[in-house]
Amino acid sequence: EGGGGGGGGEGGGREVAAPASATTCALEPASAAAAHCALHLTNMLLEALIERGAYSDGIARVQALRQSEALGLGGKELPLDLRVREGVCCAYTGQLDQAERLWQPLLRSDASAQGGGGGAEGGGAE
C-alpha cells in the first residue's frame, strides 16, 4: 500500500520537492501571483507534454494561456522559456516557420555571441 517505488506513478508527493517559485507564488499580490504561477505551471506542463510527445496539446496549452484574459497578459510576450518549448512543439508538428519565429530571440542572441556579425564562420569552441 504505501507509495512504493515504481517509475512515474501518480501520488508520489514525497518524492518531488516543491519548486522554489511555489513559495514565491503564495507571497505575491493576487493578480501578479496568478500570472506568475500560470506561466510557471504551463512551463512545467509543456516539459511533461514534450516528453510524452503530446506536441499538439502543448501548443494548445500555450494558446489558451495567451488568450486567458483573467491573467492579464493582454498582448505581452511570453517568457523565452515558454516560447522555446512552444517552438519545440511547433517543430515536431511540422510548423517549422512558426518554430523559427518563436526561436528568433535565441537565434539572434547566438549570432551576436558567435562574433557579432563579422565573418564568424567555423568559430568553434576556443
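This report describes the helices, buried residues, aromatic pair and cysteines of a predicted model of one protein chain.

## Overall make-up

The protein chain contains five helices and zero strands, so that its elements, read along the sequence, follow the pattern α-α-α-α-α. Of the 126 residues in the protein chain, 23% are buried, and the chain exposes about 8700 Å², of which carbon and sulfur atoms supply 52%. Among the contacts between residues at least 6 apart in sequence, 43% join residues at least 24 apart.

## Helix α3

Helix α3 covers residues 55-67, and its 13 residues should span 18 Å at 1.5 Å a residue, a value with which the 19 Å between its end C-alpha atoms agrees. The buried residues of this helix are Tyr 55, Gly 58, Ile 59, Val 62 and Leu 65. These residues cover an arc of only 125° around the axis, which puts them on the same side of α3. The face of α3 turned away from that buried side carries Ser 56 and Gln 67, both of which are exposed.

One contact of this buried set leads to helix α2, which covers residues 30-52 and holds Thr 42. Thr 42 has a relative accessible area of 12% and is therefore buried, since the limit for that class is under 20%. Once residues up to four places away in sequence are set aside, Thr 42 touches Leu 65 and Leu 82; Leu 65 is among the buried residues of α3, while Leu 82 is among those of α4.

## Helix α4

Helix α4 runs over residues 80-92, and for its 13 residues the expected span of 18 Å, at 1.5 Å a residue, agrees with the 18 Å that separates its end C-alpha atoms. Buried in α4 are Leu 82, Arg 83, Glu 86, Gly 87, Cys 89 and Cys 90. Seen down the axis of α4, these buried residues fall within an arc of 160°, so they line one face of the helix. Just after α4, Gly 94 takes a positive phi of about 85°.

Glu 86, which has its place in helix α4, carries an acidic side chain yet has a relative accessible area of 2% and counts as buried. Leaving out residues up to four places away in sequence, Glu 86 touches Val 62, Arg 66 and Leu 102; of these, Val 62 belongs to the buried residues of α3.

## Trp 103 and helix α5

Trp 103 lies in helix α5, which covers residues 96-113, and with a relative accessibility of 25% this residue counts as partly exposed. When neighbours within four places in sequence are left aside, Trp 103 is in contact with Arg 83, Val 84, Gly 87, Val 88 and Ala 91. Two of these partners, Arg 83 and Gly 87, are listed among the buried residues of α4. Trp 103 and Leu 80 are 23 residues apart in sequence, and their C-alpha atoms are 8.4 Å apart in space.

## The aromatic pair

A pair of aromatic rings is described by the distance of the centres and the angle of the planes. The count for this model comes to one aromatic pair. The rings of Tyr 55 and Tyr 92 have their centres 4.4 Å apart and their planes at 10°, so the pair is stacked, planes under 30 degrees apart being the condition for that class. The pair links distant parts of the chain, with Tyr 55 in helix α3 and Tyr 92 in helix α4, 37 residues apart.

The two partners differ in their surroundings, as Tyr 55 is buried with a relative accessible area of 18%, whereas Tyr 92 counts as exposed at 56% relative accessibility.

## The cysteines

A disulfide is a covalent bond between the sulfur atoms of two cysteines. The count of disulfides in this model comes to zero. The sulfur of Cys 89 is 7.0 Å from the closest cysteine sulfur, which is in Cys 90, and this is too far for a bond because a disulfide requires sulfur atoms within 2.5 Å.

Both of these cysteines are buried in α4, Cys 89 at 0% relative accessibility and Cys 90 with a relative accessible area of 1%.

Notes. Residues are numbered from 1 along each chain as its sequence is written. This is a predicted model: local features need pLDDT of at least 70, side-chain atom pairs count only at pLDDT 80 or more; totals for chains, interfaces and linings use all residues. Side-chain values use heavy atoms; hydrogens and water are left out. Rings of Phe, Tyr and Trp (its six-membered ring) pair if their centres lie within 6.5 Å; planes under 30 degrees apart count as stacked, over 60 as edge-to-face and the rest as tilted. Helices (H or I, at least four residues) and strands (E, at least two) are DSSP runs, numbered from the N terminus. Buried means under 20% relative accessible area, exposed over 50%, partly exposed in between (1.4 Å probe, protein chains only). The expected span of a helix is 1.5 Å times one less than its number of residues. The arc is that of the directions from the helix axis to the C-beta atoms. Contact means heavy atoms within 4.5 Å. Accessible areas come from the Shrake-Rupley method with a 1.4 Å probe; for residues, only the protein chains shown count as cover.
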